[in-house]
Amino acid sequence: MKRAGSERRTPRPARVRLVYVRELRARMMTRGYVVSLALLSLITFGLVIGFSLMGHSTTATVAVCGTPASSLGTPPPGVRVTSCDGMAQARERVGENDADAAVVVAGGRASLLTRADTSDQARAGADALARTWAGDQALLRQDVDLDRLARDTAAAAPTRVTVGKSVGSLQLGAAASLIIVLFMQIVNQGSVIAQGVVEEKSTRVVEVLLATLTPLELLVGKVAGIVTAGMVQVAAMLGAVLGAQSVLSEPATAMPGPGALVVTVLWFLLTFALFASLYAAAGSLVSRPEDLQGVLTPVMLLALAPVGAATAAAAQLSAPWVSVVQYVPPFSGLLMPLKASVGTVSVQEQLVAAGTLLAATACCMVLAGRIYRNSVLRVGAPVRWRQALAA
């Protein structure tokens, strides 16, 4: 009797650990998990490479002949000016792709040389340089002192004041894409949690487990194991991001920085903790896999709602409604890392939102534990949410 009693008094952390290890092995030692891990890494790697190539800045080369290149002033952004000797050399350089375009000054006129495949950036740069030369020539014919005009223009130049933080559309798109791919893991792993609970109910394994475990211990161990499996996938995503950036010759400026990636992972963990218990509770309401989709629909809609909100917020992160919704769980789980990735949210704002999300997670754990305890041993017809809460 004393020996049996000591076994029943096994410390709770040890019992939870047994469930955790069992769940971890059951999820990670499958072919489907390995395949999904590889696909997720490849998708993330492709996203980083794609956004890097889209954000790669190109420089157009414009050759200037017949006048010093310095006499045309500062070239437009993205345009590099080189010198050449005359029309013949200009034709040769443009024709052999040594220059994208050329401005040739001869006989008091400027000529533009381009190819059929010359980019719009090079055409616009060459045109701007030619117009600058033509404008200077018109002013000289009117006896205008160009040096004095340049000094007076510089003295009267307006002062630039930037209000707020400018966010490029490419940078925002890259951040939103990575965060949404990461956030979809909550839906995928949540479905795995619910399916695991249904499998244990349908095979009566849960009755054996609950002979030595409390429902809360089983719920915590199961959720912790599957969350860990999900974190391995998140680590694979981060590895793919770092691997893609190491392959690139230039840093992917459109992609979030290391600090933003860490913040995103932390928000993922907080949000996953909120939904994991709800998915487990939903799985405990049914005992047949074919009934699972019906009880999962409300949880899935709640999990997908932040994706829709983030898609709408990406158009204007400074909108008043975003400033309010970013503190509301579960929307904060996606809006906050999105704004952190582009640097438009402070640490204080994130701490307030994180505290609210933790409080909501605690409430969800309490409700999910009650639902799980009241419905996990019920076999037969699906149990409604209200019935499980009121039992």
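**Entry 1: a buried pair**

I started at Glu-217, which is buried, with a relative accessible area of 1%. The model I am reading is a predicted one. What does the side chain of Glu-217 meet in a salt bridge? I found Arg-15, at 2.4 Å from N to O. Arg-15 sits in helix H2 and Glu-217 in helix H9 (residues 215-247), so this pair ties together parts that are 202 residues apart in sequence. I then asked myself whether Arg-15 is buried or exposed. Arg-15 counts as buried because its relative accessibility is 15%, and the cut-off for buried is under 20%.

**Entry 2: further along H2**

I stayed with helix H2, residues 12-28, and looked up Leu-24. Leu-24 has 18% relative accessibility, so I list this residue as buried. Which residues does Leu-24 touch, leaving out those up to four places away in sequence? They are Gly-225, Thr-228 and Ala-229. For Gly-225 I also noted the backbone: its C-alpha atom is 4.8 Å from that of Leu-24, although 201 residues of chain separate the two.

**Entry 3: more salt bridges**

How many salt bridges does a search of the whole structure find? I have eight in my notes. One of them joins Glu-23 to Arg-22, with the closest N and O atoms 3.6 Å apart. Glu-23 is buried at 2% relative accessible area, while Arg-22 is partly exposed at 34%.

Next I turned to helix H5 (residues 120-141), where Arg-131 and Asp-127 lie four residues apart, about one turn of the helix. Their side chains meet in a salt bridge at 2.8 Å, N to O. A reminder to myself: an α-helix has 3.6 residues a turn, so residues three or four places apart point the same way. Arg-131 is exposed, with a relative accessible area of 60%, and Asp-127 is partly exposed at 29%.

Back to Glu-23 for one more look: salt bridges with shared partners join Arg-22, Glu-23 and Lys-222 into one network.

**Entry 4: the two sides of H4**

Which residues of helix H4 (residues 87-95) are buried? I wrote down Ala-90, Arg-93 and Val-94. They lie on the same side of H4, because the arc they cover around the axis is only 95 degrees. On the other side of H4 I found Ala-88, Arg-91 and Gly-95 exposed. Then I looked for what covers the buried residues, and the cover includes strands E1 (60-65), E2 (79-84), E3 (101-106) and E4 (109-114). Just after H4, I noted that Asn-97 takes a positive phi of about 65 degrees.

**Entry 5: a nonpolar patch**

I also looked over the surface, where Val-35, Leu-39 and Leu-42 make a nonpolar patch of about 290 Å². Val-35 belongs to helix H3 (residues 31-55). With a relative accessible area of 44%, Val-35 is partly exposed.

**Entry 6: the whole chain**

To finish, I stepped back to the chain as a whole. The protein chain has 15 helices and four strands. Of its 391 residues, 41% count as buried. I noted an accessible surface of about 20700 Å², with 61% of it belonging to carbon and sulfur atoms. What share of the contacts between residues at least 6 apart in sequence joins residues at least 24 apart? My entry reads 69%. The salt bridge between Arg-15 and Glu-217, where I began, links residues 202 apart.

Methods
Residues numbered from 1 in each chain as written. Predicted model: local features only at pLDDT ≥ 70, side-chain atom pairs only at ≥ 80, totals over all residues. Heavy atoms only, no water. Patch = residues over 30% accessible without salt bridge, like charges linked within 9 Å, V, L, I, M, F, W, Y side chains within 5 Å. Areas by Shrake-Rupley, 256 points an atom, 1.4 Å probe, with all protein chains shown as cover. Salt bridge = Lys/Arg side-chain N within 4 Å of Asp/Glu carboxyl O. Helix = DSSP H or I, 4+ residues; strand = E, 2+ residues; numbered from the N terminus. Buried < 20%, exposed > 50% of the residue type's maximum accessible area, 1.4 Å probe, protein only. Arc of directions from axis to C-beta. Contact = heavy atoms within 4.5 Å.
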